[in-house]
Amino acid sequence: MTATEAPPAPPGPPAPPAAGPDGIPLHKVSRRKRLVPYWLLLPGILWLLVFFALPLVYQASTSVQTGSLEAGFEVTWHVQTYWDALQEYWPQFVRSLLYAGTATILCLLLGYPLAYLIAFKAGRWRNLVLVLVIAPFFTSFLIRTLAWKTILSDGGPVVGVLNSLHLLDVTSWLGWTEGDRVLATPMAVVCGLTYNFLPFMILPLYTSLERIDGRLHEAAGDLYARPLTTFRKVTFPLSLPGVVSGTLLTFIPASGDYVNAELLGSTDTKMIGSVIQTQFLRVLDYPTAAALSFILMAVVLLMVTFYIRRAGTEELL
């Protein structure tokens, strides 16, 4: 060191970490921000844990139990219950999927035109029509289903119109009705399912259609596309997320429904939901009922997964 050079200054204390307006260090603030979404999800996670996951585990343990109501049930890992239940009640499984699939297709055929009209043609009447769509939800599910017993009664106007049009001859040939009778037939059950779950189809369809930019229709018209071509090339592809959502919201609850089959059907139209309800509340065979529930859940889950993958909508994947 020369005489003209100053000695190096001693190291000072480290600089304090950067802080926010409230004096909290910035690294702690960023950590809090990262944790906020998880804190917001906590109530929902706890709800699912208590009212979904735990009952699911309990049902799984019930399905592998053996015993009786008098002697008690104990877990013996008797997996044969699943195979026995499937062998005995496979017709009800097939019937449930058939009825639910038919009702879903009918809901789509009826709901899409109505959702289209609400989204593009209703104008200032849109809110009123939407209220009319959801108005049935203000009435009990049971009362709505019982009303269909009157609508489809043997001496009612519906049966009279179907008879005059000779449509009952066709449905009888298909096995959906019996002679001049509609009530207590598969057609009555499907009608009840279609009516009760139709709003679950209309609302997702309307939401999806309402998002479509009207300028796309104008552009298609400028390119000399006919209305049918515009619908096929523009409207329907853009509404596929609503179609997928609506079909899922309709098919899943319809496949496990038992109220419509009990009130509008007969012993020949029993769905798997009716069997599960009977096993739980009347026969008191809890392992079989739990096994049937898990089989139904697994079948529906596989079908839904395959359907979503085939549909290929990014909003649902």
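**Exercise 1. State where Leu284 is placed and classify its exposure and backbone phi.**

Solution.
Step 1: Leu284 sits in the loop between helix 12 (272-283) and helix 13 (286-311). The model is a predicted one.
Step 2: The relative accessibility of Leu284 is 27%, and residues from 20% to 50% are partly exposed, so Leu284 counts as partly exposed.
Step 3: Leu284 is not a glycine, yet has a positive phi of about 60°.

**Exercise 2. Carry out the analysis of Exercise 1 for Ala184.**

Solution.
Step 1: The loop between helix 6 (167-174) and helix 7 holds Ala184.
Step 2: Ala184 has 18% relative accessibility, which is under 20%, so Ala184 counts as buried.
Step 3: Phi of Ala184 is near 65°, which is positive in a residue other than glycine.

**Exercise 3. Summarise the chain by secondary structure, burial, contacts and accessible area.**

Solution.
Step 1: The secondary structure consists of 13 helices and two strands.
Step 2: The chain has 317 residues, of which 33% count as buried.
Step 3: Take the contacts between residues at least 6 apart in sequence: 67% of them join residues at least 24 apart.
Step 4: About 19900 Å² of the chain is exposed, with 68% of that area supplied by carbon and sulfur atoms.

**Exercise 4. Describe how helix 9 and helix 10 pack, and which residues make the contact.**

Solution.
Step 1: Two packed helices are described by the angle between their axes and the distance between the axes.
Step 2: For helix 9 (residues 227-238) and helix 10 (residues 240-255), the axes come within 4 Å and cross at roughly 50°.
Step 3: An angle between 35 and 65 degrees is neither roughly parallel nor roughly perpendicular, so helix 9 is oblique to helix 10.
Step 4: Helix 9 contributes Phe236, Pro237 and Leu238 to the contact, and helix 10 contributes Leu240, Pro241 and Val243.
Step 5: By class, the contact residues are six nonpolar, no polar and no charged.

**Exercise 5. Locate the largest nonpolar core and name the helices that supply it.**

Solution.
Step 1: The largest nonpolar core has 15 residues. Those with the most contacts inside the core are Tyr112, Ala115, Ile118, Ile202, Leu205, Tyr206 and Leu209.
Step 2: At least two residues of this core come from each of helix 2 (80-120), helix 3 (126-134) and helix 7 (186-210).
Step 3: The most is given by helix 7, with six residues.
Step 4: Another core lies apart from this one and has 14 residues, among them Tyr89, Ile272, Leu292 and Val300.
Step 5: As background, nonpolar side chains in soluble globular proteins tend to be buried together.

**Exercise 6. Trace the surroundings of Tyr112 and Ser239, leaving aside neighbours within four places in sequence.**

Solution.
Step 1: Tyr112 is in contact with Cys107, Leu205, Leu209, Phe231, Thr235, Phe236, Ser239 and Val243.
Step 2: One of these, Ser239, lies in the loop between helix 9 and helix 10.
Step 3: With a relative accessible area of 0%, Ser239 is buried.
Step 4: Ser239 in turn is in contact with Tyr112, Ser208, Leu209 and Ile212.
Step 5: Between Ser239 and Ile212, which are 27 residues apart along the chain, the C-alpha separation is 8.0 Å.

**Exercise 7. Compare two residues of helix 2, Ser96 and Leu114: is each buried or partly exposed, and what does each touch beyond four places in sequence?**

Solution.
Step 1: Ser96 is found in helix 2, and Leu114 also lies in helix 2.
Step 2: Ser96 has a relative accessible area of 0% and is buried, whereas Leu114, at 30%, is partly exposed.
Step 3: Ser96 touches Ser255, Met271 and Ile272, while Leu114 is in contact with Val133 and Ile202.
Step 4: Leu114 and Leu205 are 91 residues apart along the chain, with their C-alpha atoms separated by 9.2 Å.

**Exercise 8. Find the environment of Ala188 and of Gln65, again beyond four places in sequence.**

Solution.
Step 1: Ala188 is found in helix 7 and counts as buried at 0% relative accessibility.
Step 2: Its contacts are Leu152, Val182, Leu183 and Leu264.
Step 3: From Ala188 to Gly265 there are 77 residues in sequence and 6.6 Å in space, C-alpha to C-alpha.
Step 4: Gln65 is in strand 1 (residues 65-68) and, at 14% relative accessibility, counts as buried.
Step 5: Gln65 is in contact with Phe73, Glu74, Val75, Thr76 and Pro287.

Technical notes. Residues are numbered from 1 along each chain as its sequence is written. This is a predicted model: local features need pLDDT of at least 70, side-chain atom pairs count only at pLDDT 80 or more; totals for chains, interfaces and linings use all residues. Side-chain values use heavy atoms; hydrogens and water are left out. Axes are lines fitted to C-alpha atoms, for helices over the stretch in contact, and angles run from 0 to 180 degrees between N-to-C directions. Angles under 35 degrees count as roughly parallel, over 145 as roughly antiparallel, 65 to 115 as roughly perpendicular and the rest as oblique. Contact means heavy atoms within 4.5 Å. Ala, Val, Leu, Ile, Met, Phe, Trp, Tyr, Cys and Pro count as nonpolar, Asp, Glu, Lys and Arg as charged, and the others, Gly among them, as polar. A nonpolar core is a set of buried Ala, Val, Leu, Ile, Met, Phe, Trp, Tyr and Cys residues joined through side-chain atoms within 4.5 Å. Buried means under 20% relative accessible area, exposed over 50%, partly exposed in between (1.4 Å probe, protein chains only). Accessible areas come from the Shrake-Rupley method with a 1.4 Å probe; for residues, only the protein chains shown count as cover.
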